[in-house]
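This report covers aromatic pairing and nonpolar packing in one protein chain. The sequence and structure come first.

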Amino acid sequence: MKKRILIVMIALALAAIFVSCGQAEESKNQMLGEIPGEYKIGDTPVDFEVELMDGEVVRLSDLQGKVVFLNFWFLDCPPCVAEMPAFQKLQEEYGDDLVVLAVNHRDRKEKIEAFIEENGYTFDIGLDPAGAIKIPVNGFPYTLILDRDGVISFIGQGALDDAWEPMYEEYQPEIEKLV
């Protein structure tokens with residue numbers, strides 16, 4: 001009986017540690033307004049804070065003054081992963097004139113680090129392991145291009161499963177108009 005009580009107490013203690021660790025992660029990312037049912041061109045997206053891979057916390061509204069390529073994705077989404085070379089090419093082509101921010105939804109940092117290292121990506125990746133950053137659709141990938149005033153000038157949902165070049169050709173002219 002004492003052994004059973006000890007096992008239950010250990011299990012409860014481990015559960016409490018696990019829950020508190022998750023809450024600590026969740027508190028780094030937050031929406032700063034209520035997400036609408038949908039976004040339209042000309043809207044300003046709801047502001048949010050997200051932690052980057054290096055631990056820096058970025059607020060979307062702090063990126064005003066730059067053109068922002070904002071993408072929401074996760075590792076087990078083949079179209080999400082397939083279009084990422086387009087992001088790298090855009091980042092290399094436009095440099096400091098473009099902020100590429102790819103917000104990962106619900107993957108562990110270790111898995112993302114391995115993926116980034118394997119592919120050599122250098123654009124900013126936001127971590128959202130708890131799914132605190134919301135988008136107004138249920139499909140991934142979801143992409144917004146914001147002008148220098150933080151206003152949506154392009155909305156994209158979905159991508160091709162196996163080719164990044166057509167996605168680059170879709171995004172590049174939209175960015176070119178804004179830089």
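In this predicted model, Phe115 is buried, with a relative accessible area of 11%. A residue counts as buried under 20%, so Phe115 qualifies at 11%. Its ring pairs with that of Trp73 in a tilted arrangement, at 5.7 Å centre to centre and 35 degrees between the planes. The two residues sit in distant parts of the chain: Trp73 belongs to strand 4 (residues 67-73) and Phe115 to helix 4 (residues 109-119), 42 residues apart. Trp73 is also buried, with a relative accessible area of 0%.

Phe87 and Tyr171 form another tilted pair, with 6.4 Å between ring centres and 55 degrees between the planes. This pair too links distant parts of the chain, Phe87 lying in helix 3 (residues 84-94) and Tyr171 in helix 5 (residues 165-176), 84 residues apart. Phe87 is buried, at 0% relative accessible area, and Tyr171 is buried at 1%.

The two pairs are set out below.

| Pair | Centre to centre | Angle between planes |
|---|---|---|
| Trp73 and Phe115 | 5.7 Å | 35 degrees |
| Phe87 and Tyr171 | 6.4 Å | 55 degrees |

Across the whole structure, a search finds twelve aromatic pairs. One aromatic cluster is made up of Phe69, Trp73, Phe87, Phe115, Tyr121, Phe123, Phe154 and Tyr171, and so holds both pairs in the table. Elsewhere, Lys89 lies over the face of Tyr168, 4.4 Å from the ring centre.

In soluble globular proteins, nonpolar side chains tend to be buried together. Which residues have the most contacts inside the largest nonpolar core? They are Phe69, Trp73 and Phe87, in a core of 28 residues. Strand 4, helix 3, strand 5 (98-105), helix 4, strand 6 (124-128) and helix 5 each give two or more residues to this core. Helix 3 gives the most, with five residues.

Phe69 illustrates the packing. Apart from neighbours within four places in sequence, Phe69 is in contact with eleven residues' worth of listed partners, including Phe87, Leu90, Leu98, Val99, Val100, Leu101, Leu144, Ile145, Tyr171 and Ile175. Thr143 is also one of the residues in contact with Phe69.

A second, separate core has 20 residues, among them Val46, Leu63, Tyr142 and Leu144. Leu144 thus appears in this second core and also in the list of residues in contact with Phe69.

Key:
Residues are numbered from 1 along each chain as its sequence is written. This is a predicted model: local features need pLDDT of at least 70, side-chain atom pairs count only at pLDDT 80 or more; totals for chains, interfaces and linings use all residues. Side-chain values use heavy atoms; hydrogens and water are left out. Rings of Phe, Tyr and Trp (its six-membered ring) pair if their centres lie within 6.5 Å; planes under 30 degrees apart count as stacked, over 60 as edge-to-face and the rest as tilted. Helices (H or I, at least four residues) and strands (E, at least two) are DSSP runs, numbered from the N terminus. Buried means under 20% relative accessible area, exposed over 50%, partly exposed in between (1.4 Å probe, protein chains only). A charge sits over a ring if NZ of Lys or CZ of Arg is within 6 Å of the ring centre and within 35 degrees of the ring normal. A nonpolar core is a set of buried Ala, Val, Leu, Ile, Met, Phe, Trp, Tyr and Cys residues joined through side-chain atoms within 4.5 Å. Contact means heavy atoms within 4.5 Å.
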